[in-house]
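Grab a pencil and work through these short exercises one by one. Each comes with a solution that goes step by step.

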Amino acid sequence: MCIFSNNAIQILEERYLLKRKDGSVIETPQALFKRVAKFVSSNEEKKSFYEAQFYELLSSLKFLPNSPTLMNAGCKNGQLSACFVLPIEDSLESIFTTLKNTAFIHQSGGGTGFNFSKLRPKDDWVISTSGTSSGPIAFMKIYDAATEQVKQGGKRRGANMGILNIDHPDIIDFIRSKSSKKAIENFNISVGITDVFMNAVIHNLNWQLVNPRTKKVEQTVSAKAIWKLIIKEAWSSGDPGLIFLDTINKSNPTPKEGTMSCTNPCGEVPLLDYESCNLGSINLSKMLKLHNDIYIIDWKTLAETILLSIRFLDNIISVNHYLLPEIKAITSANRKIGLGVMGWAELLILLKIPYGSEDAIQLAEKLMSFIKKESYKASEKLSIERGTFTNWKGSLHYSHQKLRNATCNSIAPTGTISVIANTSYSIEPLFALAYNRVGILGRKTQTEINAFFLQKMKAMNLWSNEVESEVIKTGSIQHITSIPKSIKSIFQTSLDIPWVYHLKHQKAFQNHTDNAVSKTINLPETATIQEVSDIYMTAWNLSLKGITIYRYGSKGHQVLQKCSLN
Ligand code: UDP
């Protein structure tokens with residue numbers, strides 16, 4: 001049986017375990033896993049067999065599904081997916097219908113992405129009233145305000161992705177829309193970038209902004225000037241990120257069903273309008289075994305875990321409660337799922353491989369290509385047992401392989417499930433060795449030393465009062481002379497690692513992920529504007545699907561903070 005960390009217990013009690021009306025908890029973590037395993041096996045012929053298998057999968061913390069599945073499986077609101085994209089057409093009817101649907105998705109713990117580019121620009125003509133339009137940014141603010149209110153009663157903070165394409169006349173206001181610290185807090189924003197625009201930047205050409213209603217050119221600007229503005233804003237606030245629309249659509253598995261213009265809030269799943277996706281992540285720190293006292297990857301356990309996890313995620317599509325008929329239709333026809341990983345940094349540390357090294361990149365390629373291959377094998381097996389996804393015939397997969405699911409893999413941020421599993425986030429390096437964790441939904445800020453690091457340091461007899469006070473002061477061990485170089489290199493933190501290795505990790509995982517990779521390129525406060533420009537340009541050159549940077553201290557609210565700042 002697994003032992004939960006204090007943080008895990010606190011999070012589970014606050015939001016995941018069932019409660020009586022008076023707020024008292026009536027479920028243990030084990031009972032939660034039983035509830036989920038039972039519900040997710042309810043479509044199986046061999047129900048009790050799979051219920052037991054799924055229970056073992058979850059309670060061993062080898063795999064966890066996205067939060068809405070843990071919260072809602074077997075409950076009245078059985079909405080189990082984390083990721084949605086909803087359309088916004090250029091009409092009040094569409095804007096407010098989607099706003100209402102968004103409220104219900106947020107209430108159930110799901111996150112939503114919108115591309116606002118079909119909306120006519122600010123001060124454009126409104127025929128029905130002979131008035132002028134408010135424009136996409138004004139409506140984004142309304143969505144933001146609604147999200148803020150729904151989060152009070154919902155299961156967790158609703159998250160949004162807001163996208164505006166690079167040729168929209170309001171693009172400059174959009175790029176600046178998050179420059180003041182508290183603006184549009186419930187949105188991540190990204191500029192929808194095309195290859196033509198990137199070439200215009202490189203060759204210093206003019207760029208046309210086009211009214212989506214009239215299709216007329218409203219303004220001609222310098223591509224480089226817009227690029228510089230994007231970079232400056234990203235450097236000072238972390239937003240906007242970029243989403244590379246052409247790259248995303250090159251790997252759209254079902255092009256006949258439409259083009260993809262948007263992702264879910266954290267960017268790991270590009271989706272069609274009304275499409276949803278279920279995520280789940282394998283805990284890599286549980287995929288190791290000891291061989292002659294040295295950790296090695298347990299490929300057999302990993303393969304078995306993938307097989308069962310893909311089945312689990314596919315079942316969710318069958319037993320899910322869909323909030324809208326449109327969501328049910330496209331989700332059931334494509335059956336997209338996203339199996340990813342968490343605990344990558346912990347696995348590297350146990351294997352004694354520095355995150356910022358070519359060995360780590362090679363292992364990332366090897367590991368993720370294995371996960372993709374086994375995921376596709378599992379999905380193919382399911383297609384033989386249960387049939388292919390409905391749109392398979394017109395899909396990119398048709399000439400290669402029978403599949404049950406249009407996509408199989410995503411690398412999610414695992415913001416909560418990695419805390420429950422007590423491992424490192426997603427494919428991210430350790431953020432800091434000591435940090436202040438700002439309370440979620442009003443909880444007190446806590447100072448923490450990374451438990452895994454502490455345990456390893458104590459085991460190596462390297463922990464002392466002096467080391468502790470230095471770690472608390474700086475969050476790092478890189479400057480402590482008494483610690484051997486080999487230990488320093490495996491405990492590099494997010495801010496110790498050169499950005500090029502952050503990007504190389506994103507690329508290595510993206511190479512074998514059919515959806516996308518959620519990754520933050522963390523930068524120290526001293527990073528320059530030119531570095532941010534280089535990172536965004538390199539991301540496009542590497543054919544990544546999107547890019548997000550975060551320069552330390554540049555956001556008003558930051559969940560993890562180095563202790564020294566307080
Ligand atoms: N998400 C959300 N609200 C949040 C965090 C996440 O709606 O506060 C959604 C969003 O679509 C995100 C996805 O859940 O891209 C996966 O995020 P993460 O892996 O952090 O979720 P977890 O399952 O760990 O809670």
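**Exercise 1.** Which residues point one way from strand 16, and which point the other way?

*Solution.* Keep in mind that you're looking at a predicted model. Start with the strand itself: strand 16 covers residues 337-342, and six of its six residues are buried. Now sort them by direction. Ile337, Leu339 and Val341 go to one side, while Gly338, Gly340 and Met342 go to the other, and all are buried.

Next, look for a partner. Strand 13 (residues 276-283) pairs with strand 16 in the parallel sense, over six bridges. To pin down one spot, find glycine 340 in strand 16: serine 281 stands opposite.

**Exercise 2.** Work out how the domains are laid out and where they touch.

*Solution.* First, the bounds. The domain assignment gives domain 1 as 6-80 + 282-417 and domain 2 as 83-263. Second, the spacing: 30 Å separates the C-alpha centres of domain 1 and domain 2.

Third, the contacts. On the domain 1 side there are 17 residues, in contact with 12 residues of domain 2. Helix 4 (residues 67-72) gives the most to that side of domain 1, with four residues. Sort that side by class and you get six nonpolar, 10 polar and one charged residues.

**Exercise 3.** Which residues touch the most other members of the largest nonpolar core?

*Solution.* The core has 146 residues, and the two to pick out are Val36 and Ile193. Then ask where the members come from. Helix 14 (residues 358-386) supplies the largest share, eight residues. Both domain 1 and domain 2 take part, with at least three residues from each. As a bit of background, nonpolar side chains tend to be buried together in soluble globular proteins.

Now zoom in on valine 36. Skip its neighbours within four places in sequence, and its contacts are Leu58, Thr69, Leu70, Ala73 and Gly74.

**Exercise 4.** How many residues surround the ligand, and which are the closest?

*Solution.* Count the shell and you reach 21 residues, with Ser67, Ala82, Gly111, Cys266 and Gly415 the closest. Split by class, the shell has nine nonpolar, nine polar and three charged residues. For the last step, check the domains: the shell draws at least three residues from each of domain 1 and domain 2.

**Exercise 5.** Is lysine 372 buried or partly exposed? And what about aspartate 496: buried or exposed?

*Solution.* Take lysine 372 to begin with, which sits in helix 14. It has 19 other C-beta atoms within 10 Å, and because a residue needs 20 or more to be buried, lysine 372 is partly exposed. Its contacts, leaving aside neighbours within four places in sequence, are Asn409, His512 and Thr513. Asparagine 511 is 139 residues away from lysine 372 in sequence, yet their C-alpha atoms are 9.9 Å apart.

Now turn to aspartate 496, in the loop between helix 18 (485-490) and helix 19 (499-510). Aspartate 496 counts as buried because 22 C-beta neighbours lie inside 10 Å. Outside its neighbours within four places in sequence, aspartate 496 is in contact with Ser476 and Gln478. To finish, compare sequence and space once again: aspartate 496 and glycine 356 are 140 residues apart along the chain, but 8.9 Å apart from C-alpha to C-alpha.

How values were computed: Residues are numbered from 1 along each chain as its sequence is written. This is a predicted model: local features need pLDDT of at least 70, side-chain atom pairs count only at pLDDT 80 or more; totals for chains, interfaces and linings use all residues. Domain bounds come from an automatic or database domain assignment. Two residues are in contact if their C-beta atoms, placed from the backbone, lie within 7 Å. Helices (H or I, at least four residues) and strands (E, at least two) are DSSP runs, numbered from the N terminus. Ala, Val, Leu, Ile, Met, Phe, Trp, Tyr, Cys and Pro count as nonpolar, Asp, Glu, Lys and Arg as charged, and the others, Gly among them, as polar. A nonpolar core is a set of buried Ala, Val, Leu, Ile, Met, Phe, Trp, Tyr and Cys residues joined through C-beta atoms within 7 Å. A residue is buried if 20 or more other C-beta atoms lie within 10 Å of its own, exposed if 12 or fewer, and partly exposed in between; C-beta atoms are placed from the backbone. A residue is near a molecule or strand if its C-beta atom, placed from the backbone, lies within 6 Å of it. Two strands pair if DSSP finds at least two bridges between them.
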